[in-house]
Amino acid sequence: MTDAQPDPRDPRPLIGEPLALDLLNTRWSGTPVNDLLTGVEGYRIWLSSAGLSGRCAADEAGLAAIRQTREAILLAAQDARERGELGPAARDGLDAVLAHGRIRRTAAPGGAEDRTEVDRPEWLAPWLAADAFLGLLGQGAHRVRQCAHAACILHFFDASQNGRRRWCRMAVCGNRAKAARHYEKARG
């Protein structure tokens with residue numbers, strides 16, 4: 001997670017997950033599905049909520065790059081959930097994004113310093129999101145989850161001690177599921 005404060009214009013129901021999952025959550029349930037990244041202004045809002053607005057410009061090139069990255073991370077998240085590992089298409093998608101940058105280690109007054117370098121400015125936020133996703137996988141692919149509520153498409157990282165979190169937000173999706181079960185039981 002980031003120390004950034006959510007942008008007050010951000011309409012998403014779940015904000016503040018690790019960067020890669022926060023990017024996936026720029027799409028959320030609705031009819032039709034809501035998508036924050038339909039234009040540059042939505043991308044600007046996401047960058048602000050993610051704490052990246054000072055480092056990344058919101059423009060058409062960046063929007064195209066972040067949308068490509070979101071699709072690559074979505075495929076990788078599905079693989080992680082279903083297979084416990086990344087398949088070739090998921091790896092290729094992430095590698096296509098990661099090919100635009102690298103981490104450069106330099107000597108700093110206090111020791112080593114890692115700097116992210118990208119070949120073009122529009123790839124900084126996408127590269128950081130793809131790299132963050134690999135970091136989540138390193139903590140356990142099984143903890144990258146999609147909400148268990150049938151109507152919800154939000155993602156989260158299960159950081160619970162027992163690894164049994166099921167809902168993006170218990171107060172919303174968890175309670176809806178409990179209410180539906182209670183209603184079915186009461187109906188007989």
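Let me start with helix H2, residues 40-49, in this predicted model. Seven of its ten residues are buried, so helix H2 is largely enclosed by the rest of the structure. If you would like to find them on the screen, the buried residues of H2 are Val40, Gly42, Tyr43, Ile45, Trp46, Leu47 and Ser49. Which helices cover these buried residues of H2? The cover includes H1, H3 and H5, and I will come back to two of those helices later on. After H2 comes glycine 51, and the phi angle of this glycine is positive, near 75°.

Please keep Ser49 in mind, as one of the buried residues of H2, while we move to the segment before helix H1, where we find aspartate 10. Aspartate 10 has a relative accessibility of 10%, and because buried means under 20%, this residue counts as buried. Its side chain makes a polar contact, at 2.7 Å, with the side chain of serine 49. If we set aside residues up to four places away in sequence, aspartate 10 touches Ile15, Leu36, Ile45 and Ser49, and of these names Ile45 and Ser49 also appear among the buried residues of H2.

Aspartate 10 has a second partner to look at, which is arginine 12. The side chains of arginine 12 and aspartate 10 are joined by a polar contact of 2.8 Å. Arginine 12, too, sits in the segment before helix H1, and that helix covers residues 19-24. Is arginine 12 buried or exposed? With a relative accessibility of 4%, arginine 12 counts as buried. Its side chain also reaches a backbone atom, namely the oxygen of aspartate 22, at 2.9 Å. Beyond its neighbours within four places in sequence, arginine 12 is in contact with Asp22, Asn25, Thr26, Trp28, Leu36, Trp46 and Ser49, so if you select arginine 12 on the screen you can look for each of those residues in turn.

For another arginine, let us turn to arginine 102, which lies in strand E3, residues 101-108. Arginine 102 has a relative accessible area of 43%, and is therefore described as partly exposed. Its side chain makes a polar contact of 2.8 Å with the side chain of glutamate 117. Leaving out neighbours within four places in sequence, the contacts of arginine 102 are Arg115, Thr116, Glu117 and Trp127. Arginine 102 and leucine 128 are 26 residues apart in sequence, while their C-alpha atoms are 9.8 Å apart in space.

Leucine 128 is itself one of the buried residues of helix H5, and so I come to that helix. Helix H5 runs over residues 124-140, and at 1.5 Å a residue its 17 residues should span 24 Å; the C-alpha atoms at its ends are 25 Å apart, which agrees with that expectation. The buried residues of H5 are Leu124, Ala125, Pro126, Trp127, Leu128, Ala129, Ala130, Phe133, Leu136, Leu137 and Gly140.

How do helices H3 and H5 lie relative to each other, roughly parallel or roughly antiparallel? The axes of H3, residues 60-83, and H5 come within 9 Å and cross at roughly 10°, and the two helices are therefore roughly parallel to each other. Where they meet, H3 brings Ala65, Ile66, Thr69, Ile73, Ala76, Ala77 and Ala80, and H5 brings Ala125, Pro126, Ala129, Ala130, Phe133 and Leu137. It may help to recall that an α-helix has 3.6 residues a turn, so residues three or four places apart point the same way.

Now a word about the cysteines. The structure holds zero disulfides. Cysteine 147 is in no disulfide, and the nearest cysteine sulfur, which belongs to cysteine 173, is 3.7 Å away. Because a disulfide here needs sulfur atoms within 2.5 Å, that distance does not qualify. Cysteine 147 is buried, with a relative accessible area of 6%. Cysteine 173 is in no disulfide either, and for this residue the nearest cysteine sulfur is that of cysteine 168, 3.7 Å away. Cysteine 173 is buried as well, with a relative accessible area of 3%.

Finally, let us step back to the whole chain. The protein chain has six helices and six strands, and along the sequence they follow the pattern α-β-β-α-α-α-β-β-α-β-β-α. Of the 188 residues in the chain, 44% are buried. Among contacts with a separation of 6 or more, 50% come from residues 24 or more positions apart.

Methods:
Residues numbered from 1 in each chain as written. Predicted model: local features only at pLDDT ≥ 70, side-chain atom pairs only at ≥ 80, totals over all residues. Heavy atoms only, no water. Helix = DSSP H or I, 4+ residues; strand = E, 2+ residues; numbered from the N terminus. Buried < 20%, exposed > 50% of the residue type's maximum accessible area, 1.4 Å probe, protein only. Polar contact = N/O pair within 3.5 Å; in protein donor to acceptor, adjacent residues only side chain to side chain. Contact = heavy atoms within 4.5 Å. Expected span 1.5 Å × (residues − 1). Axes fitted to C-alpha atoms, helices over the stretch in contact; angles between N-to-C directions. Parallel < 35°, antiparallel > 145°, perpendicular 65-115°, else oblique.
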